[in-house]
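Please take a slow walk with me through the structure below. We will begin with the whole chain and then stop at a few places along the way.

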Amino acid sequence: MSVRRSIPSNTKLRLFSESGGHCQHPRCLKPLFPVDMGGDRHIAEMAHVIPHGETGPRHEQRPSEEFEADSFENLILLCPTCHTIIDKAPDSYPRSMLLDWKRNHLITLVHSQGIICYEERKQARYAVIAAMGENKAIWKEFAPCDGANFEFDPESETANAWSQRMRSVILPNHYRIQAIISKNQCHLTVEEQEIFAQYQEHVRGLTERHVCCVSGIAIRYPQDMDGIFA
């Protein structure tokens with residue numbers, strides 16, 4: 001059994017920041033600082049996706065590699081009711097579902113922060129093309145197997161750089177691209193809608209692998225995304 005430690009203040013701050021002050025269950029979204037409590041006290045509970053113990057909810061989904069139960073990646077901020085529900089019925093609320101809630105909650109927040117629906121397709125393309133270009137440049141340099149500087153050594157500087165860039169640049173860019181395209185779906189053709197769906201699955205796989213440390217099947221980046229809104 002892993003040692004239970006207090007959750008670091010920075011982790012708590014990040015959880016509250018990325019929740020935007022609301023339960024991260026997508027069908028709840030209850031304010032965690034209720035007005036009827038004065039607005040300066042919270043009811044939030046930090047729920048472990050995978051528990052400390054070997055008998056708690058979803059314990060059988062614990063990653064095989066080194067794992068920190070109190071890490072930001074393994075916590076989700078919920079209201080007391082939703083926390084109870086997911087732990088009472090863990091088979092209905094698997095790890096992948098809870099991590100999807102958390103990721104999509106952040107994307108929804110991004111929607112409300114400067115991402116708009118453009119009047120023309122070309123404006124939407126301008127909005128995504130810089131982020132797409134940055135991701136492609138990093139891929140060409142560091143990506144496993146395909147990158148110019150890739151080495152078959154997980155401890156190499158290149159491998160570490162790839163992992164760091166994935167978390168700090170590539171995935172945030174992907175989330176922003178998804179948010180922009182979602183906001184501008186009115187400009188997508190039927191074919192582009194299918195391409196976008198494939199792209200979303202690609203990003204979902206990257207998130208599971210690089211943020212949640214969940215190994216599984218991930219589809220490759222759909223090359224037709226390069227021409228989205230063109």
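Of the 230 residues in this protein, 39% count as buried. Keep in mind as you look around that the model is a predicted one. The outside of the protein offers about 13,000 Å² of exposed surface, and 52% of that comes from carbon and sulfur atoms.

Now follow the chain. The protein has six helices and two strands, and reading along the sequence gives the pattern α-β-β-α-α-α-α-α. How are parts of the chain that lie apart in sequence brought together? If you take the contacts between residues at least 6 apart in sequence, 68% of them join residues at least 24 apart. Two pairs of residues give a feeling for such distances. Thr108 and Pro26 are 82 residues apart along the chain, and their C-alpha atoms are separated by 10.0 Å. Gln200 and Tyr175 are 25 residues apart along the chain, with 9.3 Å between their C-alpha atoms.

Let us stay with two of these residues for a moment. Thr108 sits in helix α3, where it is exposed, with a relative accessible area of 51%. That value puts Thr108 in the exposed class because the class begins over 50%. Gln200 belongs to helix α6 and counts as partly exposed, at 26% relative accessibility. Leaving aside residues up to four places away in sequence, Gln200 touches Gln178 and Ser182.

Next, look for open space. Rolling a probe the size of a water molecule over the atoms shows where empty space is left. The largest pocket has a volume of about 640 Å³. Its lining is made of 25 residues, and the ones closest to the centre are Trp139, Trp162, His202, Leu206 and Tyr221. Three elements give two or more residues each to this lining: α4 (121-142), α5 (157-183) and α6 (190-210). What kinds of residue line the largest pocket? They divide into 14 nonpolar, five polar and six charged.

The second largest pocket holds about 360 Å³ of space. Here 15 residues form the lining, with Arg14, Glu18, Phe72, Tyr175 and Val211 nearest the centre. The elements that supply two or more residues to it are α1 (9-19), α3 (95-111) and α5. Its lining residues divide into eight nonpolar, one polar and six charged. Helix α5 is therefore named for both pockets, as an element giving two or more residues to the largest and to the second largest.

Helix α5 is also the place of His174. Is this residue buried or exposed? His174 is buried, with a relative accessible area of 6%, a value that falls under the 20% limit for buried residues. Not counting residues up to four places away in sequence, His174 touches Asn135, Tyr199, His202, Val203 and Leu206. Two of those partners, His202 and Leu206, were named above among the residues closest to the centre of the largest pocket.

The cysteines deserve a visit too. A disulfide is a covalent bond between the sulfur atoms of two cysteines. How many does this model contain? The count comes to zero, with a disulfide taken as a pair of cysteine sulfur atoms within 2.5 Å. Cys79 is in no disulfide, and the nearest cysteine sulfur, that of Cys82, is 3.6 Å away. Cys79 is buried, with a relative accessible area of 1%. Cys186 is in no disulfide either, since the nearest cysteine sulfur, that of Cys117, is 3.7 Å away and the limit is 2.5 Å. Cys186 counts as exposed, at 58% relative accessibility.

Our last stop is the backbone. Most residues other than glycine have a negative phi, and most peptide bonds are trans. Leu29 has a positive phi of about 60° although it is not a glycine. Leu29 is placed in the loop between α1 and β1 (45-48), where it is partly exposed, with a relative accessible area of 40%. Phe229 also has a positive phi, of about 65°, and is not a glycine. You will find Phe229 in the segment after α6, and it is buried, with a relative accessible area of 2%.

Key: Residues are numbered from 1 along each chain as its sequence is written. This is a predicted model: local features need pLDDT of at least 70, side-chain atom pairs count only at pLDDT 80 or more; totals for chains, interfaces and linings use all residues. Side-chain values use heavy atoms; hydrogens and water are left out. Helices (H or I, at least four residues) and strands (E, at least two) are DSSP runs, numbered from the N terminus. Buried means under 20% relative accessible area, exposed over 50%, partly exposed in between (1.4 Å probe, protein chains only). Contact means heavy atoms within 4.5 Å. Accessible areas come from the Shrake-Rupley method with a 1.4 Å probe; for residues, only the protein chains shown count as cover. On a 1 Å grid over the protein atoms alone, a cavity is a set of points where a 1.4 Å probe fits but cannot get out, and a pocket is an open set with protein on both sides within 12 Å along at least five of seven lines; lining residues have an atom within 4 Å of a point. Grid points are joined across faces, edges and corners, and a volume is the space filled by probe spheres set on the points. Ala, Val, Leu, Ile, Met, Phe, Trp, Tyr, Cys and Pro count as nonpolar, Asp, Glu, Lys and Arg as charged, and the others, Gly among them, as polar.
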